[in-house]
Amino acid sequence: MPKINGNEIRPGNVLEHDGGLWAAVKVNHVKPGKGGAFAQVEMKNLRDGRKLNERFRSEDKVERVRLEQKDQQFLYETDGRLVVMDMESFEQVELDVEILGERRPFLQDGMTVTVEYYGEEALNISLPQKVICKIVETEPVVKGQTAANSFKPAVLDNGLRILVPPFVGQDEDIVVNTETFEYSERA
């Protein structure tokens, strides 16, 4: 594994630190008036989700880890496990449903996801940034209600509640951003 200096840490880097794998979420470079410069790094543990704030001086050496990313197809869910299939070898792998967290409702049958592996251990699943969902319940369209920034609540076919513009009606397909949980556009 390559070692990098503390001042070379960037958001998104995966580091091996204190016997765990940590993703750098925020990095703030600080140069105080007295003493040496350092990087204040907010990190998230990839295995259990704990957060940690750590200071790294420029002379500190940190292990940078490269995760292997594989495109895999989601097949089905069984007993709290997600079954995905490798697109090249057609090998099926079971992953814990908790790996997705609150993004779970956006996972659809047959969807291609990117799974990040450290050796044989799956650490993260990346969903497509935009997913098409159907609105199953919302208030009817009201004529003349075109004020900017007015949104109404809607329930999607996956059970999530989001805010949509007033011109979007029931049984319409919309595109939802899976990172922000917000309406993006009509499908």
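In which strand is the place of Q73? In this predicted model, Q73 sits in strand β7, which covers residues 68-78. With a relative accessibility of 23%, Q73 counts as partly exposed, since the cut-off for buried is under 20%. Setting aside the residues within four places in sequence, Q73 is in contact with V83, V84, M85, M87, G110, M111 and T112. Take V84 from that list: 11 residues separate Q73 and V84 in sequence, while their C-alpha atoms are 5.3 Å apart in space. G110 gets a polar contact as well, with the Q73 side chain reaching the backbone oxygen of G110 at 3.4 Å.

Next come strands β8 and β9. Strand β8 takes in residues 81-86 and pairs with β9 in the antiparallel sense, over 5 bridges. Within this pairing, M85 has Q92 of β9 standing opposite. The hairpin of β8 and β9 leaves 5 residues between the strands, and F90 takes a positive phi near 60° there. Strand β9 itself (residues 92-96) shows an alternating pattern: V93 and L95 point to one face and are buried, whereas Q92, E94 and D96 point to the other face and are not.

What is the strand order in the open sheet of 6 strands? The order runs β1-β6-β2-β3-β4-β5, and the pairing is antiparallel. At the edges stand β1 (3-5) and β5 (51-57); each has a single partner strand, so one side of each goes without a neighbour in the sheet. On average, and ignoring direction, neighbouring strands of this sheet are turned by 45° against each other. For β5, a look at the pairing with β4 helps: β4 (residues 38-45) and β5 run antiparallel and are joined by 7 bridges. Here M43 stands opposite L52 in β5.

Now for the charged side chains. In general, side chains of opposite charge can pair when their charged atoms come close. The model holds 10 salt bridges. One of them joins D48 and R50, with the closest N and O atoms 2.9 Å apart. D48 has a relative accessible area of 48% and is partly exposed, and R50, at 47% relative accessibility, counts as partly exposed too. Another salt bridge links R57 with D60, the closest N and O atoms being 3.7 Å apart. R57 is at 46% relative accessibility and so counts as partly exposed, while D60 is partly exposed with a relative accessible area of 22%.

R104 and E77 also meet through their side chains in a salt bridge, at 2.3 Å from N to O. This pair ties together distant parts of the chain, 27 residues apart: R104 lies in the loop between β9 and β10 (112-118), and E77 lies in strand β7. Both ends count as partly exposed, R104 at 21% relative accessibility and E77 at 36%. Elsewhere, salt bridges with shared partners join R57, E59 and D60 into one network.

K152, placed in strand β13 (residues 152-156), gives another picture. Is K152 buried or exposed? K152 is buried yet has no salt bridge, and the nearest side chain of opposite charge, that of E139, is 6.1 Å away; a salt bridge would need the N and O atoms within 4 Å. The K152 side chain does reach the backbone oxygen of E139, at 2.8 Å. Not counting residues up to four places away in sequence, K152 touches T138, E139, P140, V141, I162, L163, V164, P165, P166 and V168.

Technical notes
Residues numbered from 1 in each chain as written. Predicted model: local features only at pLDDT ≥ 70, side-chain atom pairs only at ≥ 80, totals over all residues. Heavy atoms only, no water. Helix = DSSP H or I, 4+ residues; strand = E, 2+ residues; numbered from the N terminus. Buried < 20%, exposed > 50% of the residue type's maximum accessible area, 1.4 Å probe, protein only. Contact = heavy atoms within 4.5 Å. Polar contact = N/O pair within 3.5 Å; in protein donor to acceptor, adjacent residues only side chain to side chain. Pairing = 2+ DSSP bridges. Lys, Arg positive; Asp, Glu negative; His and termini not counted. Axes fitted to C-alpha atoms, helices over the stretch in contact; angles between N-to-C directions.
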